[in-house]
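Look over the structure below. Then work through the questions that follow.

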Amino acid sequence: MRDVIIVGAGPGGLLLAQHLEEHRIDYQILERGKIAQSWRMMRQGMTLLSPSVPGTDWTSLTLTRPLWAIPGVQKPFPTREDFLCYVDAFAREQMLRTVENTAVMRAAVVPGGFTVETPAGEKSCRFLVIATGSSSVPAYPDIPGVASSPFAIHSCDFVHCMAYLGKRVLVIGAGNSAAEIAMALAGTARVTLCTRGPLRYFSETGDLEHIRGSSESPLKECVRFGIISLRETDPPVHVAGSRVRFQNGEEKEYDWIICATGYRPSWIPINGGSVRTGEDGYPVISRTGESSLPGLYFCGSLARFNKRCAFIHGFRNYVEKVFWDIADRL
Ligand SMILES: Cc1cc2nc3c(=O)[nH]c(=O)nc-3n(C[C@H](O)[C@H](O)[C@H](O)COP(=O)(O)OP(=O)(O)OC[C@H]3O[C@@H](n4cnc5c(N)ncnc54)[C@H](O)[C@@H]3O)c2cc1C
């Protein structure tokens, strides 16, 4: 029986592994794909929302090993490729013990700890840490007809603007993905951005939920030029195939509807015990990341110590608390 198994080799799992490695604690990370698989699946060329420069580094996993110090990294906002190379090097150079291509299907509570089931067989541990991220299950808006429309996709399935050349595209959402996709389509498709409430900007509110990284200013200008048409506070209320009815009663036809409406929290099933969840669907955790099941911890963006934990700079300091809690009990 290992001391610790971490499920997921994203930023959260790797950062915890670094602490365990440094203190020579017996652990293993099980990763369904390659290191930082979630980032490998994101759009090529995507620019991060979080800056990484000396003094304002919201992206590096640790400030002692910063992303911005790598030659050639785009500043102030790195690209997905910069980040992916950094995370991959972070894991490999420190020889963090990761078993790739090993998805954990489920876990079970057993005397003294947990077992996890993988295609390569069962493994057991005293402490189990779930670090599988908060963006594995796309959330669709609760609009009648959208789920059954063959013309509606989720933003995670948007690959490249060229597939939408000359098409009428409705982008639903007011977050960063909506803004970025609308910008990626601008000039190629006839794009409408449609929001439930007023479109807000980080530069005006300082609220992280309104951050749009490098797309904020171009988005405002494209709306002003009419290159992107904005339906603010006028959400769709019904979808029938390609026909969309808006709150103000107007109906329009679109070739594609892209739902940039985020993700919902989800994790592997745990046999023999249930994890208590909050109203937001995230696991209820202690101040050190332990769930309602003793010995089962959450780490990274699934551990919502506060809403900033959706971002690396929000959760990176909390990972150490998870580490010390486990280390103290070994
Ligand atoms: C489009 C988009 C853009 C973003 N941009 C930023 C940004 O600019 N800055 C920022 O700070 N944050 C950004 N985020 C949030 C970002 O995802 C988190 O900050 C960070 O990646 C969370 O790290 P994590 O380790 O919790 O989860 P993840 O990075 O999602 O890593 C989870 C890992 O678990 C693995 N896994 C999942 N299920 C299993 C399983 N059953 N068995 C084994 N392995 C499994 C996955 O393959 C993955 O490697 C963005 C998110 C999205 C969706």
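Two strands count as paired if DSSP finds at least two bridges between them. The model here is a predicted one.

Q: In strand 19, which residue is the bridge partner of Ala 108?
A: Strand 6 and strand 19 (residues 270-271) run parallel, joined by two bridges. Ala 108 has its bridge partner in strand 19. That partner is Asn 271.

Q: Which residue in strand 7 stands opposite Arg 106?
A: Strand 6 (residues 106-110) and strand 7 (residues 113-118) run antiparallel, with five bridges joining them. Opposite Arg 106 stands Glu 117.

Q: Which residue in the turn of the hairpin of strand 6 and strand 7 has a positive phi?
A: Two residues lie between the strands of this hairpin. One residue in the turn has a phi of about 85 degrees, a positive value. The residue is Gly 112.

Q: Which strands stand at the edges of the open sheet 10-17-11-12-13?
A: Five strands form this sheet, and the pairing is parallel. An edge strand has a single partner strand, so one side of it is left without a neighbour in the sheet. That is the case for strand 10 (152-154) and strand 13 (228-231).

Q: By how many degrees are neighbouring strands of the sheet 10-17-11-12-13 turned against each other on average?
A: The order of the strands is 10-17-11-12-13. Take neighbouring strands and ignore direction. The average turn is 25 degrees.

Q: What is the bridge partner of Val 191 in strand 13?
A: Strand 12 (residues 190-194) runs parallel to strand 13, and four bridges join the two. Val 191 has its bridge partner in strand 13. The partner is Ile 228.

Q: How many residues of helix 4 are buried?
A: Helix 4 is mostly covered. Its cover includes strand 11 (168-172), strand 12, helix 6, strand 13 and strand 17 (256-259). Among the buried residues are Asn 176, Glu 180 and Leu 185. The count is ten of ten.

Q: At what angle do helix 4 and helix 6 pack, and what is that called: oblique or parallel?
A: Two packed helices are described by the angle between their axes and the distance between the axes. For helix 4 (residues 176-185) and helix 6 (residues 216-225), the axes are 10 Å apart and the angle is about 60 degrees. That makes helix 4 oblique to helix 6.

Q: Is the crossing of helix 4 and helix 6 left-handed or right-handed?
A: Ala 179, Ala 182 and Met 183 in helix 4 meet Pro 218, Leu 219 and Cys 222 in helix 6. By class, this contact has six nonpolar, no polar and no charged residues. The crossing of the two helices is left-handed.

Q: Which residue with a positive phi follows helix 4?
A: Look just past the helix for a phi near 90 degrees. The residue is Gly 187.

Q: Is Arg 24 buried or exposed?
A: Arg 24 lies in the loop between helix 1 (11-22) and strand 2 (27-30). Its phi is positive, about 55 degrees, although it is not a glycine. Within 10 Å it has 7 other C-beta atoms, and 12 or fewer count as exposed. So Arg 24 is exposed.

Q: How does Thr 233 count: buried, exposed or partly exposed?
A: Thr 233 sits in the loop between strand 13 and strand 14. Thr 233 is not a glycine, yet its phi is positive, about 55 degrees. It has 13 C-beta neighbours inside 10 Å, so it counts as partly exposed.

Q: What is the peptide bond from Lys 75 to Pro 76: cis or trans?
A: Most peptide bonds are trans. Pro 76 lies in the loop between strand 4 (56-57) and helix 3 (80-93). Here omega is near -5 degrees, and the bond is cis.

Q: Which residues does Glu 253 touch, not counting those up to four places away in sequence?
A: Glu 253 lies in strand 16 (residues 251-253). It is exposed, with 11 other C-beta atoms within 10 Å. The residues touched are Arg 168, Ser 242 and Arg 243.

Q: How does Ser 242 count: buried, exposed or partly exposed?
A: Ser 242 lies in the loop between strand 14 (236-240) and strand 15 (243-246). Leaving aside neighbours within four places in sequence, its contacts are Phe 151, Glu 253, Tyr 254 and Asp 255. There are 17 C-beta neighbours inside 10 Å, so Ser 242 counts as partly exposed.

Definitions and conventions. Residues numbered from 1 in each chain as written. Predicted model: local features only at pLDDT ≥ 70, side-chain atom pairs only at ≥ 80, totals over all residues. Axes fitted to C-alpha atoms, helices over the stretch in contact; angles between N-to-C directions. Buried ≥ 20, exposed ≤ 12 C-beta atoms within 10 Å, placed from the backbone. Contact = placed C-beta atoms within 7 Å. Parallel < 35°, antiparallel > 145°, perpendicular 65-115°, else oblique. Left-handed = near helix turned anticlockwise from the far one by under 90°. Nonpolar A, V, L, I, M, F, W, Y, C, P; charged D, E, K, R; others polar.
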